[in-house]
Amino acid sequence: MSTNIFDALGGDAALAAAVNGLYDRLVPDPLTGSYFEGVALPDLKRHLRLFLAAALGGPAIYRGRDMRSAHARLHITPEVWDRTVDHLVGVLADLGVAPGLADRVVGHLAPLRDQIVAAYEPAVAMAT
């Protein structure tokens with residue numbers, strides 16, 4: 001029987017370190033930082049820790065909103081999603097998480113992309 005991702009990462013303490021490290025990267029990033037202006041980061045960090053603990057097989061029960069409604073007003077672009085994933089991979093590497101385990105984390109969260117990234121229609125040039 002394989003270990004769930006939550007336990008393989010090291011449980012609550014490792015997840016807390018990863019979440020803190022992720023926000024340490026996202027907040028100052030010019031592409032992602034504006035999403036956190038005026039946001040209570042301690043609350044957001046707690047919420048993300050609970051969500052990830054549940055999503056990655058830990059004992060937490062996530063009682064928050066679904067991903068689509070929680071992110072709809074943010075208009076998250078594909079570029080912001082990709083940058084966030086890049087930061088997550090970097091944080092996991094900094095914490096000494098093996099690349100294979102980091103790939104499992106990203107692979108497990110990847111299906112959420114379509115719920116979090118806003119649907120954009122390509123700009124259409126108007127003929128005059």
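Helices here are DSSP runs of H or I with at least four residues, numbered from the N terminus. By that rule Ala13 lies in helix α2. The model is a predicted one.

## Overall fold

The protein chain holds seven helices and zero strands. Read from the N terminus, the order of elements is α-α-α-α-α-α-α. The C-alpha trace spans about 65 × 35 × 30 Å along its principal axes. Of the 128 residues in the chain, 33% are buried. Contacts reach far along the sequence: among those with a separation of 6 or more, 77% join residues 24 or more positions apart.

## Two helices, α2 and α5

Helix α2 runs over 11–26 and has 16 residues. Helix α5 covers 78–94 and has 17 residues. The table sets out their spans, taken from first C-alpha to last.

| Helix | Residues | Span | Expected span |
|---|---|---|---|
| α2 | 16 residues | 22 Å | 22 Å |
| α5 | 17 residues | 24 Å | 24 Å |

In each case the span is close to the value expected at 1.5 Å a residue.

The buried residues of α2 are Gly11, Leu15, Ala18, Val19, Gly21, Leu22, Tyr23 and Leu26. They pack against α1 (5–9), α3 and α5. Ala13 sits in the same helix, α2, but is exposed because its relative accessibility is 61%, and the cut-off for exposed is over 50%. From Ala13 to Arg113 the sequence separation is 100 residues, and the C-alpha atoms are 26 Å apart.

In α5 the buried set is Val80, Trp81, Val85, His87, Leu88, Gly90, Val91 and Leu92. These residues pack against α1, α2, α6 and α7 (113–116). Just after α5, Gly96 takes a positive phi of about 85°.

His87 belongs to helix α5. Is it buried or exposed? His87 counts as buried, because its relative accessibility is 13% and the limit for buried is under 20%. Leaving out residues up to four places away in sequence, His87 touches Leu22, Arg25, Leu26 and Asp29. Leu22 and Leu26 are themselves among the buried residues of α2.

## The nonpolar core

The largest nonpolar core has 31 residues. Leu9, Leu52, Leu56 and Leu92 make the most contacts inside it. The elements that give two or more residues to this core are α1, α2, α3, α5 and α6.

Leu92 is one of the buried residues of α5. Setting aside neighbours within four places in sequence, Leu92 is in contact with Leu9, Ala18, Val97, Ala102 and Val105. Of these partners, Leu9 is also listed among the residues with the most contacts in the core, and Ala18 is a buried residue of α2.

## The largest pocket

About 1,000 Å³ of space lies in the largest pocket. Its lining has 37 residues. Tyr23, Leu44, Leu48, His71 and Ile116 lie nearest the centre. Two or more lining residues come from each of α2 (11–26), α3 (41–55), α4 (67–71), α5 (78–94) and α6 (99–109). By class, the lining has 30 nonpolar, four polar and three charged residues. Tyr23 also appears among the buried residues of α2.

## Loops and helix α4

Thr32 is in the loop between α2 and α3. Is this loop residue buried or exposed? Thr32 is buried, because its relative accessible area is 1% and buried means under 20%. Beyond residues up to four places away in sequence, Thr32 touches Leu26, Val80, Arg83 and Thr84. Among these, Leu26 is a buried residue of α2 and Val80 a buried residue of α5.

Ala70 lies in helix α4. Ala70 counts as buried, because its relative accessibility is 18% and the limit is under 20%. Ala70 and Ala16 are 54 residues apart along the chain, and their C-alpha atoms are separated by 21 Å.

His75 is in the loop between α4 and α5. Its phi is near 55°, a positive value in a residue other than glycine. At 48% relative accessibility, His75 counts as partly exposed, because the exposed class begins over 50%.

Key. Residues numbered from 1 in each chain as written. Predicted model: local features only at pLDDT ≥ 70, side-chain atom pairs only at ≥ 80, totals over all residues. Heavy atoms only, no water. 1 Å grid on protein atoms, 1.4 Å probe; cavity = no way out; pocket = protein on both sides within 12 Å on 5 of 7 lines; lining within 4 Å. Points joined across faces, edges and corners; volume = space filled by probe spheres on them. Nonpolar A, V, L, I, M, F, W, Y, C, P; charged D, E, K, R; others polar. Expected span 1.5 Å × (residues − 1). Buried < 20%, exposed > 50% of the residue type's maximum accessible area, 1.4 Å probe, protein only. Contact = heavy atoms within 4.5 Å. Core = buried A, V, L, I, M, F, W, Y, C linked by side-chain atoms within 4.5 Å.
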